[in-house]
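Open the structure in your viewer and get your selection tool ready. We will walk through it one stop at a time.

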Amino acid sequence: MINPSQKLNPKLFDKDIEYAEIRKGFGDGLVKSAEIDKRVVALCADLTESTRMEAFKQKFPDRFIEIGVAEQNLASVASGMASMGKIPFITSYAMFSPGRNWEQIRTTICYNDRPVKIVGSHAGVSVGPDGGTHQAIEDIAITRVIPNMVVISPCDAIEARKATIACAKTKMPTYLRLAREKTPLITTNETPFEIGKAQVLFFSKDNKGNEIRADVGIIATGALVYKALKVAQDFEKGNDGVEIKVKVLNLSTIKPLDDDSVWRLAHETGAIVTVEEHQIAGGMGSAVAECLARHYPVPMEFVGVKDKFGQSGKPDELLEHYGMGEKDIKEAVRRVIMRKTQ
Amino acid sequence: MQLPKLTDEKAKFLSEKAHAIRQSIIEMLIEAKSGHTAGPLDMADIFTYLYFHALKHDPKKPDWPYRDRLVLSNGHICPVLYATMAHAGYFPISELQTLRKFGSRLQGHPHREYLPMLENSSGPLGAGLSQAVGMALAERMDFGKTSDKQFVALLSDGELDEGQSWEAIMLAGKEKIGNLTVFVDRNNIQIDGFTEDIMPLNPLADKWRAFNFHVQEIDGHNFRAIDEAWVQARAVSDKPSVILANTISSKGIPEFERKWQWHGKPPTTPEEIAIARRALGIVNK
């Protein structure tokens, strides 16, 4: 069942659930942050509209810098602004920032310890028709490996807004990963959000209302959290001819990892499936595996891209083609349960 | 704003200070047994001019908010930065001997985490001008054009091979940043050879001019010329300035001068060390 304390969208599993762009949530959060704190400034590399920085630019033209198609400069100019006390947000497509400007992010932002917020839009294969060049599926790996960096991958537009406002308040360099497409609104304004804290969105209770041990834990991040929830719901109802109790963790902060929540879930369920729109190598699942290998190793399955580049297509057909559909998550759940009982 | 005059007496003082800084640089490198020789020696005059005459700064209050900002882009010449800062009073001159050693604040390439009084960490080339432009843009957001704070970026000629350098040059030109002055160490060498063989930069002045910079070419070892260029650059308020400082690599050690082989190594053999010390008048070693 949906965890009531999370105050999720009451229409979560309804056909007419609302959709919104995760990137739009960032755009709203950026304006809000700028209203709260005048040190917040924004820089863009010629993608102001599509990274949803336009509203900020309209409202705070004097605090906006257009850098042109120059992502390396984008990162280092922001570093310079941060050294003068600003809190810069920089946007481009994730493939270009942090893709193209990784070394500038490492040296001039993280090594330099400057609180620049790197916002990578159009992450994942669900960018769709633009094709593989524009589908960043390596960005979690290359950002989480840099010391000082915080990595956040919000599950919907509302969480993206909260994450934006929250990261503007920290002194940490931060990577905020955003998807392009409209995705279902999972959370509400009342849903708790804290950087570094994973949230249990779905669990099981008995007739008396006591929480009972789940058979498997799904740890998901980004827009695929919704698919994980649908899978949990289907298994709870026995829609596929089998009842499996699933607990779903929304791991929106990938770094610093909420070690406690992760290993506790492994301890409770004895079987973990990670779900992300990213290469399996080096991504969120890898971060979870690093944690569990240290604290509480259990059988794990990874849902993500298996060492391939993306291609043009519709978002859903790409997700299915690359093994990140609901069917794939369900198969991973069955596999991991089989492994745990063997 | 009235700039301080460079009197003959002050020029002589700067010349002596630069000589002492060169001595420190070579002793640091000999002790460290690795590091770069050519660039630090050839930029000693400009560093001395900036720290002992031109810049508004306070070694006792490194985080004084009204200080001018100096961004070293080619971090590998940091021996000259460290030596100048030590001679200016930021930290003890004796600490220079810790260069490149474990636990030292004086990392092989500058790192703010170890030496927080630095404006930036650097090493990977081509990123310093971007940071100086960002600093100046932030200042303009807060104070408009009323601020007389100066932003100085120090670049090598070799790092102009980096595409990012030109991204930053383009942005500075677009934004007409009048309080930005770039010094380019035009020593004509880089690790693999002479710049014009490795990746020709000429006509370098025309290139900067085309990007909407105010351009001056000077003798980078003549304090009078450096001063005149600085005063000129300060007077230009509607565009950024670049001073292409023609320098002699490894300046001060004739046997090493103009030889690209000295870009990235220190004197290590007894003969090389003796040559270097003799040229710089270091005795009792």
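Start with chain A of this predicted model and mark two points: the C-alpha centres of domain 1 and domain 2 of chain A, which lie 26 Å apart. To colour the domains, select 21–184 for domain 1 and 190–341 for domain 2, as the domain assignment of chain A gives them.

Next, look at where these two domains meet. Here 32 residues of domain 1 of chain A are in contact with 32 residues of domain 2 of chain A. On the domain 1 side, select α5 (139–144), β6 (150–152), α6 (157–168) and β8 (182–184) of chain A, each of which supplies at least two residues. The largest share of that side, 5 residues, comes from α6(A). Colour the domain 1 side by class and you will find 17 nonpolar, 9 polar and 6 charged residues.

Now bring in chain B. Which helix gives the most to the side of chain B that touches chain A? Select α5(B): it gives 10 residues. Both α5 (128–143) and α6 (163–175) of chain B supply at least two residues of that side. Across the whole meeting place, 23 residues of chain B are in contact with 24 of chain A.

Click on Val133(B) next. Its contacts beyond four places in sequence include Val77(A) and Gly80(A), along with Ala168(B) and Leu171(B). Val133(B) is also, with Ile218(A) and Ala228(A), among the residues with the most contacts inside the largest nonpolar core, which has 186 residues. Both domains of chain A give residues to this core, so it lies between them.

Technical notes:
Residues numbered from 1 in each chain as written. Chains lettered and ligands numbered in written order. Predicted model: local features only at pLDDT ≥ 70, side-chain atom pairs only at ≥ 80, totals over all residues. Core = buried A, V, L, I, M, F, W, Y, C linked by C-beta atoms within 7 Å. Buried ≥ 20, exposed ≤ 12 C-beta atoms within 10 Å, placed from the backbone. Domains from an automatic or database assignment. Contact = placed C-beta atoms within 7 Å. Helix = DSSP H or I, 4+ residues; strand = E, 2+ residues; numbered from the N terminus. Nonpolar A, V, L, I, M, F, W, Y, C, P; charged D, E, K, R; others polar.
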